[in-house]
Amino acid sequence: MALSNTERPVHSPAENRRLPLSALLALATAVFITSLTETLPAGLLPAMSADLQVSESATGQLVTIYALATALTAIPLTAATAGWRRKRLLLPAMTGFAAANTVTALSANYPLTMAARFVAGVAAGLAWALLAGYARRLAPAHLQGRALAIAMAGIPIALSLGVPAGTFLGKSLDWQTAFLSMTALTVVLLAWIGAAVPDHPGRRQNDRPSILAALRVPGVTPVLFVTLVFVLAHTILYAYIATFLDRRGMGGSTDLVLLVFGVASMVSIWVVGAHIHRRLRTLTIAATLLVAAAAAVLALFAGSPALVYGAAALWGLGWGGVPTLLQTAVGDAGGDQGDAAQAMLVTLWSVAMAGGGIIGGVLLDHVGPGSFPWSLLLLLAPVLLVVIAARTHGFPAKRHTS
């Protein structure tokens with residue numbers, strides 16, 4: 001994952017003592033927009049369904065089509081644009097988000113909305129082709145890990161606080177305002193990137209990632225399996241959480257439930273950040289068990305508002321650190337092929353979100369929302385078994401880092 005000498009930016013002694021925070025925060029905002037655009041419909045499902053005049057399961061496919069577009073484009077775009085200059089690639093990607101979110105907000109036509117969401121997913125694939133590497137290259141070598149952590153903080157913040165805030169905004173005003181707010185934020189970000197983020201060249205031909213080589217590295221496959229199934233399980237419930245709560249008589253409390261989930265997720269992120277270097281395996285097992293416990297409470301006691309809030313807290317405590325845990329695990333396992341392993345993780349993450357939207361829609365139409373937490377429990381069983389089994393490579397008992 002290290003940069004070649006020809007690609008590594010030259011820094012003055014003063015620059016070597018600090019991170020370019022303004023540029024990194026701009027990238028973190030780009031990551032935030034990418035993640036929040038994907039998941040925002042989850043908290044707005046009933047209202048969007050009514051205005052688009054389609055079923056809630058059909059509206060849930062707005063998450064699916066975005067994730068599917070990202071899954072189809074992340075690896076090809078990573079390869080196709082590896083040699084492009086980074087800033088000239090990031091600006092069109094974020095412009096795509098502004099256009100797609102604007103169309104989503106203004107459209108009253110379901111096919112047009114789906115098309116806009118597909119475009120947003122392609123923009124996400126383009127963004128993920130450069131964001132992680134771009135963040136590393138903005139910092140001196142000894143601070144690249146910290147730079148990546150700052151930039152990637154946009155993911156948990158979007159899931160933990162962005163979706164509850166968007167849900168509250170949609171409830172207080174309307175769902176269109178939530179999407180237009182995303183457009184406004186993106187326009188501000190474009191100016192921010194133009195002013196504060198330096199440009200860098202792309203990678204040389206012989207320095208580009210190899211997917212097949214990464215798959216042959218011991219430990220990569222178990223981490224990718226856990227990513228696929230864990231995210232699938234989470235998305236089945238998360239994409240339809242507004243509908244699940246509405247059917248339990250708590251539709252008016254969706255924003256509060258998501259806020260509890262979000263606050264607990266931020267606690268999880270802090271705990272994981274403090275202990276991941278020594279306890280990655282233990283934290284991953286604990287995360288799986290906490291999400292499973294939340295699913296069990298929702299399966300058995302969803303009629304009790306107090307227990308629903310408790311389940312949301314358990315869910316957030318388990319899920320909040322999962323993106324960091326899995327990205328770190330696949331980076332450690334991948335070694336020199338870490339960039340390719342990360343590209344596959346992004347792709348499988350998106351495949352899982354698309355699959356969760358589809359499976360959740362089928363379950364909603366044919367079984368009902370009460371089946372969502374039981375599905376989580378069923379899928380988390382093999383996740384736990386694989387994490388426990390991968391004690392040598394993937395989720396080792398003793399983590400080795402370079």
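Which hand does the crossing of α1 and α4 have, left or right? The model examined here is a predicted one, and in it the crossing of α1 and α4 comes out left-handed. The two helices pack at an angle of about 40 degrees, and their axes sit 11 Å apart. On the α1 side, the residues involved are Leu27, Ala30, Ile33, Thr34 and Thr37, and they meet Leu90, Met94, Phe97 and Asn101 of α4. Sorted by type, the residues of this α1 and α4 contact come to 6 nonpolar, 3 polar and no charged.

Helix α1 covers residues 21–39, and Ala23 is found in it. With a relative accessibility of just 3%, Ala23 counts as buried, since the cut-off for that label is under 20%. Leaving out neighbours within four places in sequence, Ala23 is in contact with Leu138, Ala196, Val197 and Pro198. Another pairing to look at is Ala23 with Leu130: they are 107 residues apart along the chain, while their C-alpha atoms are separated by 14 Å.

Back to α4, which has a second partner to consider. Helix α4 (residues 86–106) packs with helix α9 (residues 175–196) at an angle of about 160 degrees, with 8 Å between the axes. An angle over 145 degrees counts as roughly antiparallel, so that is the label for α4 and α9. The crossing of α4 and α9 is left-handed. From α4, the contact draws on Lys87, Leu90, Leu91, Met94, Thr95, Phe97, Ala98, Asn101, Thr102, Thr104 and Ala105. From α9 come Trp175, Gln176, Phe179, Leu180, Met182, Thr183, Thr186, Leu189, Leu190, Ile193 and Gly194. By type, the residues of the α4 and α9 contact split into 13 nonpolar, 8 polar and 1 charged.

A different arrangement turns up further along the chain. Helix α13 (residues 254–301) and helix α15 (residues 322–334) pack at an angle of about 100 degrees, their axes being 10 Å apart. Angles of 65 to 115 degrees count as roughly perpendicular, and so α13 is roughly perpendicular to α15. The α13 side of the contact is made by Val272, Ile276, Leu280, Leu283, Thr284 and Ala287, and the α15 side by Val322, Thr324, Leu325, Thr328 and Ala329. The residues of the α13 and α15 contact divide into 8 nonpolar, 3 polar and no charged.

Asp255 is also found in helix α13. Is Asp255 buried or exposed? Its relative accessible area is 7%, so Asp255 falls below the 20% cut-off and is buried. Setting aside residues up to four places away in sequence, Asp255 touches Pro164, Thr167, Phe168 and Lys171.

Helix α11 offers a quick geometry check. At 1.5 Å a residue, the 19 residues of α11 (residues 220–238) should span 27 Å, and the end C-alpha atoms are 26 Å apart, so the two values agree. As for its surroundings, 15 of the 19 residues of α11 are buried, which means the helix is largely enclosed by the rest of the structure.

Some of those surroundings involve Leu379, which lies in helix α17. Not counting residues up to four places away in sequence, Leu379 touches Val229, Leu232, Ala233 and Ile236. The C-alpha atoms of Leu379 and Val231 are separated by 9.8 Å, with the two residues 148 apart along the chain. Leu379 itself has 21% relative accessibility and so counts as partly exposed.

After α17 (371–389) comes the segment that holds His393. His393 is partly exposed too, at a relative accessible area of 44%. Residues up to four places away in sequence aside, His393 touches Pro218, Gly219 and Pro222. Pro305 is another matter: its C-alpha atom and that of His393 are separated by 42 Å, the two being 88 residues apart along the chain.

One backbone detail is left, and it concerns a loop. Most residues other than glycine have a negative phi. Gln53 has a positive phi of about 60 degrees although it is not a glycine. Where does Gln53 lie? Its place is the loop between α2 (45–52) and α3 (56–80). Gln53 has 72% relative accessibility, and because the cut-off for the label is over 50%, it counts as exposed.

Key
Residues numbered from 1 in each chain as written. Predicted model: local features only at pLDDT ≥ 70, side-chain atom pairs only at ≥ 80, totals over all residues. Heavy atoms only, no water. Helix = DSSP H or I, 4+ residues; strand = E, 2+ residues; numbered from the N terminus. Expected span 1.5 Å × (residues − 1). Buried < 20%, exposed > 50% of the residue type's maximum accessible area, 1.4 Å probe, protein only. Axes fitted to C-alpha atoms, helices over the stretch in contact; angles between N-to-C directions. Parallel < 35°, antiparallel > 145°, perpendicular 65-115°, else oblique. Left-handed = near helix turned anticlockwise from the far one by under 90°. Contact = heavy atoms within 4.5 Å. Nonpolar A, V, L, I, M, F, W, Y, C, P; charged D, E, K, R; others polar.
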